[in-house]
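Colleague: Please take a close look at the interior of this chain, and describe which parts of it are enclosed and what they pack against. I should be grateful for one connected account.

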Amino acid sequence: PLISCTAMELDEDCSIILELPDSDPLYNDKKNLLQMKGFKTRVPVHLKSFEHPDIGRTSLQEMLQISRIINLDEVELYFLEDDVSSPVEFYSPRNEIVSLNSILKLVENSLSSCTQELRKCVLHKCKVAIVNMIGDVSDKICMKSVVVEDHSCVKENCLLQWGKDNGVKTRLQIAYVKGAGRGATAREDLKVGDTALEIPASLIISEGLVQNSDMYHILEKVDGMASETMLLLWSMKEKYNQSSKFKFYFDMLPEEFHTGLSFGVQALMVLDETVLLDEIVQAKEHLQSQYDELIPSLCKKHPDIFPPHLYTWEKFLWACELWYSNSMQIMFPDGKLRTCLIPIAGFLNHSLYPHIINYGRVDSTTNTLKFCLSRPCSAGEECLLSYGNFSSSHLVTFYGFLPKGDNPYDVIIPVGIEDITLEDDYEDDSSVENPSSDGFSMDNHVSNDSSMDNHVSNDSSMDKPESNDSSMDIPSSFDDAIKGEGDSLSNLTTHMVRGTWFSKYHDIFHYGLPSRFLDYLRRARNPKLHTKTHESLETEVEVLQKVHDYFDDMMERLGDPYFDG
């Protein structure tokens with residue numbers, strides 16, 4: 001998702017300028033959507049109206065409507081319904097929280113630099129109204145976790161104390177959460193903007209540690225060796241270093257992560273003939289290949305640096321699971337984006353409705369990494385993080401859990417429709433393709449607070465395996481978004497579908513399916529068709545039959561539902 005606070009400012013007339021940055025990969029589609037709703041790509045919203053409550057609410061709604069569009073991610077934009085010209089209550093809980101926080105951040109920045117009392121009063125009223133709106137949204141999406149009171153968290157609390165002794169500041173406590181394992185709960189009521197956790201940069205495990213190790217002079221000579229791979233190899237050895245600065249951290253880590261990569265035979269049998277099984281098998285084959293190409297050679301040539309008993313396949317897989325499920329992309333003050341492990345921050349579990357959305361940038365003033373709340377969290381409530389906009393199959397494979405609630409990123413690429421041929425007199429480049437993975441060097445938590453480029457081109461990096469199944473992972477981005485290929489969904493070469501329960505429209509010509517997908521199928525059969533009228537009913541029947549055939553075939557491949565007991 002794109003957070004566009006940098007594209008907003010307070011002008012001389014006490015107005016907020018909301019602007020869609022032209023660097024947005026989805027700029028054209030968002031521009032069209034803004035225009036359909038009567039907005040330009042740069043809109044001043046006057047704040048003096050907050051002196052009058054009713055008018056002030058209208059101004060805030062206008063700001064929010066614009067900010068919602070600016071902050072749409074690719075999936076949300078694709079699944080917009082037909083009536084895009086009408087007002088929308090909100091697109092998604094994620095979009096609503098991000099949009100409100102974007103405006104709030106601007107107002108707070110303006111308040112900190114404002115010297116005129118009248119403007120301060122106006123900005124303060126605006127801030128209060130935004131915070132109240134965030135609270136209302138939070139109340140609607142709150143999913144209560146059950147804390148197991150009598151479960152021991154001795155090792156975890158030892159790590160927490162180690163962190164505090166080394167400068168960590170936290171308003172969280174470690175707890176055992178039913179169905180999720182370790183988690184972090186608020187010790188007190190936390191408001192929007194409060195810092196729940198603050199970690200010194202000195203406790204962040206990043207590439208600098210490898211560069212100061214005894215293995216760096218060897219690894220830097222390996223052609224195409226990525227820093228993430230070096231870190232993975234370093235952590236395999238550091239885990240057993242009794243004098244390690246991070247001994248408390250490595251001692252606290254589980255011996256088994258239980259991600260899809262380490263599923264046993266019985267679990268894999270239950271997944272027989274599913275795309276999830278294909279994804280897991282492909283991922284493990286990919287990792288096995290990388291292990292065979294790199295590790296035995298290092299152990300043979302440098303057994304003193306890479307002791308064979310510390311670099312077995314089992315220990316390699318453990319390290320991969322550690323980095324896949326716990327690493328984060330962090331932007332440092334020098335402008336470099338690094339893949340890191342963050343002790344203590346790993347206690348924060350993932351949610352579709354997180355309290356913490358914007359993280360991932362080391363504060364240059366304090367030299368700390370701060371985890372601030374984007375929505376309130378009550379005392380005793382589990383404080384939750386967003387790992388990124390991932391599908392459930394992706395979360396199972398690389399993280400080992402399914403998220404609570406309906407995941408809007410569980411989208412399917414209907415690969416069966418590539419057989420559709422368009423009429424000779426209709427040109428369309430929207431053939432359906434199964435996209436390859438973005439090739440993450442490490443599959444890590446993605447915040448919305450730094451720019452990033454996830455492409456890896458070397459063979460030696462422990463990159464995320466490509467997937468050839470029909471599920472699709474839409475990686476989220478930082479402030480400037482991923483620089484994707486192409487800048488418009490109008491040139492989209494991939495179509496998606498997801499659970500029809502996400503849609504508000506199930507009438508004729510809608511069926512709860514995305515308009516882009518349906519219109520593609522319609523035009524494939526009738527290139528001259530532009531409207532959904534009585535004349536198109538024959539085409540409509542053919543489209544529905546094609547959709548039915550595709551999903552009927554999918555259900556047959558899944559087989560009968562399996563219920564234990």
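Modeller: Ser-515 counts as buried, because its relative accessibility is 7%, under the 20% limit used for burial. The residue belongs to helix H15, which runs over residues 515-525. Its C-alpha lies 7.5 Å from that of Phe-79, although 436 residues separate the two in sequence. The model is a predicted one, and every statement here should be read on that basis.

Contacts between parts that are distant in sequence also show in the chain as a whole. Of the contacts with a separation of 6 or more, 72% join residues 24 or more positions apart. The chain has 565 residues, of which 52% count as buried, and its secondary structure comprises 16 helices and 15 strands. About 26,300 Å² is exposed, and carbon and sulfur atoms supply 50% of that area.

The nonpolar part of the interior can be taken next. In soluble globular proteins, nonpolar side chains tend to be buried together. Here the largest nonpolar core has 79 residues, and Leu-233, Tyr-249 and Phe-371 are those with the most contacts inside it. Helix H13 provides the largest share of this core, with nine residues. Tyr-249 touches Leu-159, Ile-205, Leu-322, Leu-341 and Pro-343, when residues up to four places away in sequence are not counted. A second core, separate from this one, has 42 residues, including Leu-20, Tyr-27, Met-63 and Val-137.

Helix H13 deserves particular attention. It covers residues 313-326, and its 14 residues reach 20 Å from the first C-alpha to the last, close to the 20 Å expected at 1.5 Å a residue. Twelve of the 14 residues are buried, and the helix is thus mostly covered. Among the buried residues are three tryptophans, Trp-313, Trp-318 and Trp-323, together with Leu-322, which is also one of the contacts of Tyr-249. Glu-321, Ser-325 and Asn-326 are likewise among the buried residues of H13. The surroundings of these buried residues are formed by helices H9, H10, H12 and H14 and by strands S8 and S9.

Helix H9 is one of those partners, and it is itself largely enclosed by the rest of the structure, because ten of its twelve residues are buried. Its end C-alpha atoms are 16 Å apart, which agrees with the 16 Å that twelve residues should span at 1.5 Å a residue. Leu-233 is one of the buried residues of H9, as are Glu-228, Trp-234 and Glu-238. The cover over the buried residues of H9 includes helices H7, H8, H10, H12 and H13, and strand S9.

Strand S8 also packs against the buried residues of H13, and Gln-329 is found in this strand. Gln-329 counts as buried because its relative accessibility is 6%. Its side chain makes a polar contact, at 3.3 Å, with the side chain of Thr-339.

The loop between strands S9 and S10 holds Ile-344. Phi of Ile-344 is near 80°, a positive value in a residue other than glycine. Most residues other than glycine have a negative phi. Ile-344 is buried because its relative accessibility is 6%. A positive phi, of about 60°, also appears at His-258, again not a glycine. That residue lies in the loop between helix H10 and helix H11.

Ser-351 lies in the following loop, between S10 and strand S11. It counts as buried because its relative accessible area is 11%. A polar atom of its side chain lies 2.9 Å from the backbone nitrogen of Tyr-353. Apart from neighbours within four places in sequence, Ser-351 is in contact with Leu-384, Leu-385 and Ser-386.

The cysteines complete the account. Cys-320, one of the buried residues of H13, is buried because its relative accessible area is 1%. Cys-377 is in no disulfide, since its nearest cysteine sulfur, that of Cys-383, is 4.6 Å away, whereas a disulfide requires sulfur atoms within 2.5 Å. Cys-377 counts as buried because its relative accessibility is 1%. By this distance rule, the count of disulfides is zero.

Notes:
Residues are numbered from 1 along each chain as its sequence is written. This is a predicted model: local features need pLDDT of at least 70, side-chain atom pairs count only at pLDDT 80 or more; totals for chains, interfaces and linings use all residues. Side-chain values use heavy atoms; hydrogens and water are left out. Helices (H or I, at least four residues) and strands (E, at least two) are DSSP runs, numbered from the N terminus. Buried means under 20% relative accessible area, exposed over 50%, partly exposed in between (1.4 Å probe, protein chains only). Contact means heavy atoms within 4.5 Å. Accessible areas come from the Shrake-Rupley method with a 1.4 Å probe; for residues, only the protein chains shown count as cover. The expected span of a helix is 1.5 Å times one less than its number of residues. A polar contact is a pair of N or O atoms within 3.5 Å; within protein, one must be able to donate a hydrogen and the other to accept it, and residues adjacent in sequence count only if both atoms are side-chain atoms. A nonpolar core is a set of buried Ala, Val, Leu, Ile, Met, Phe, Trp, Tyr and Cys residues joined through side-chain atoms within 4.5 Å.
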